[in-house]
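Grab a coffee and open the model in your viewer. Here are some short exercises, each with a worked solution.

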Amino acid sequence: MAQTPHDEGGGLALLGGLVALGTVIQTAAWMWGHPLAAATALTGAAVVLLGLRQALRRTSLGLLLRRHLHPLWALVREGISARLVRARTTLTAAVTDRIEQWAHEPLRRDAPAEPAASYVRRPHDHTLEAFQAATPVRFEEMCRELLERDGFANAKRVGGAGDLGADVVADDHLGRRVVLQCKRYANAVGSEAVQKFNGTARPVHAAAVPVVVALNGFTDPAADFANQQGLHLVDRERLARWGAGRHLYDVLEIERGPERRT
C-alpha cells in the first residue's frame, strides 16, 4: 500500500513524540528528588502522551494498535474492577468484624499479668497500679500485708479451694476477728457474691468485722445488701486510701477502741 503524505507526517510526529517522551522520562527520573521538578516533568510527559495519541490517530499504525490493544485494555480494566470489588468486600468484612468485637468487649478488661517487681514486699503502702497488676493470689497477700502494717495480729492468707469465703484473717488489738474476702475482679462485684460471703463470715469464721475488698467496686444492689447486713465494703477509692497508709478502721470509719496496755 502506498504511503500518503498524511501517513508520512504522522509517522514523523510519532517518532518525534517517542523521542520527546523518552527525554521527559529520563529528566523526571533524574530530578525525582525535587517535587516541583518532578511535577513539571510528569506534566510534560502527559502533554507528550496526548501528542502521541493524536499522532497515532493519523497513521495506519495507530489503527492497527487500537485494534489489537483494545481487547487487552478491556481485560486490564476487568481485572482492575474485580480487584477493587474484592478489596472493597474484604475491607467491609474487616470493618464489620471489628465493630462486632468492640460491641462485645467488656467495659473493663482483665488486668495484665503481674510483673515480677510487684512481688517485692512494700511494708508501708501499695498503689492502685500495684493492685491492678497483681494476680488474685498476690492481691490477697497484699491485703494481708496491709493488715500487718496496721498492727493486726495473726494476719494470714487462707484463701483457696474450700475457703468458704475467707481469704485473709487477722485479729485486732481487742481480739476481734477480722475476715476479708478479696475480689480482684475486672468489673464491679455483684450482690450474689456479697450474699455468699455474708452466709459464712460470721457463722463459719466467727467474724466480728467482716470485710469485702473489691478492686473495681460494687454494684448498687451489692452495696445495699451489705449495708443491711452490717458488712464492710472496701471499694476502689477506699482501697487507694488504705494502700496509701490509712488504717483500715479509719477507712471504714470503725471505732478502734482503747489501746491495749502492755
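The exercises below cover the sheet, the helices and the salt bridges of this predicted model.

**Exercise 1. Work out in which order the strands of the open sheet sit, and which ones stand at its edges.**

Solution. Start with the order: the five strands of this open sheet run E1-E2-E3-E4-E5, with mixed pairing. Next, look for strands with a single partner. Those are E1 (153-157) and E5 (232-234), so each has one side without a neighbour in the sheet. From one strand to the next, the twist averages 15°.

Now zoom in on one pair. E3 (residues 177-183) and E4 (residues 209-214) pair in the parallel sense, over six bridges. If you want to find the partner of Lys183 in E4, go to Ala214.

**Exercise 2. Find what H5 lies across, and decide how H5 is oriented relative to H8.**

Solution. First the sheet side: H5 lies across E1, E2 (168-171), E3 and E4, and it runs at about 175° to E1.

Then the helix side. The axes of H5 (residues 136-149) and H8 (residues 236-243) come within 11 Å and cross at roughly 55°. That crossing makes H5 and H8 oblique to each other.

Finally, list who touches whom. H5 brings Phe139, Cys143, Leu146, Leu147 and Arg149, while H8 brings Leu239, Trp242 and Gly243. Sort the residues of this contact and you get six nonpolar, one polar and one charged.

**Exercise 3. For the salt bridges Arg176 to Asp172, Glu192 to Lys196 and Asp250 to Arg256, say whether each partner is buried, partly exposed or exposed.**

Solution. Keep the cut-offs handy: buried is under 20% relative accessible area, exposed is over 50%, and partly exposed is in between.

- Arg176 and Asp172 meet with N to O at 2.6 Å. Arg176, at 24%, is partly exposed, whereas Asp172, at 6%, is buried.
- Glu192 and Lys196 have their closest N and O atoms 3.7 Å apart. Both residues are exposed. They sit four residues apart in H6 (residues 191-201), which means about one helical turn lies between them.
- Asp250 and Arg256 meet at 2.5 Å, N to O. Asp250 has 30% and is partly exposed; Arg256 has 28% and is partly exposed too.

Elsewhere, salt bridges with shared partners link Glu141, Arg144 and Glu148 into one network. The full count comes to ten salt bridges.

Conventions:
Residues are numbered from 1 along each chain as its sequence is written. This is a predicted model: local features need pLDDT of at least 70, side-chain atom pairs count only at pLDDT 80 or more; totals for chains, interfaces and linings use all residues. Side-chain values use heavy atoms; hydrogens and water are left out. Axes are lines fitted to C-alpha atoms, for helices over the stretch in contact, and angles run from 0 to 180 degrees between N-to-C directions. Helices (H or I, at least four residues) and strands (E, at least two) are DSSP runs, numbered from the N terminus. Angles under 35 degrees count as roughly parallel, over 145 as roughly antiparallel, 65 to 115 as roughly perpendicular and the rest as oblique. Contact means heavy atoms within 4.5 Å. Ala, Val, Leu, Ile, Met, Phe, Trp, Tyr, Cys and Pro count as nonpolar, Asp, Glu, Lys and Arg as charged, and the others, Gly among them, as polar. A salt bridge is a side-chain nitrogen of Lys or Arg within 4 Å of a carboxyl oxygen of Asp or Glu. Buried means under 20% relative accessible area, exposed over 50%, partly exposed in between (1.4 Å probe, protein chains only). Two strands pair if DSSP finds at least two bridges between them.
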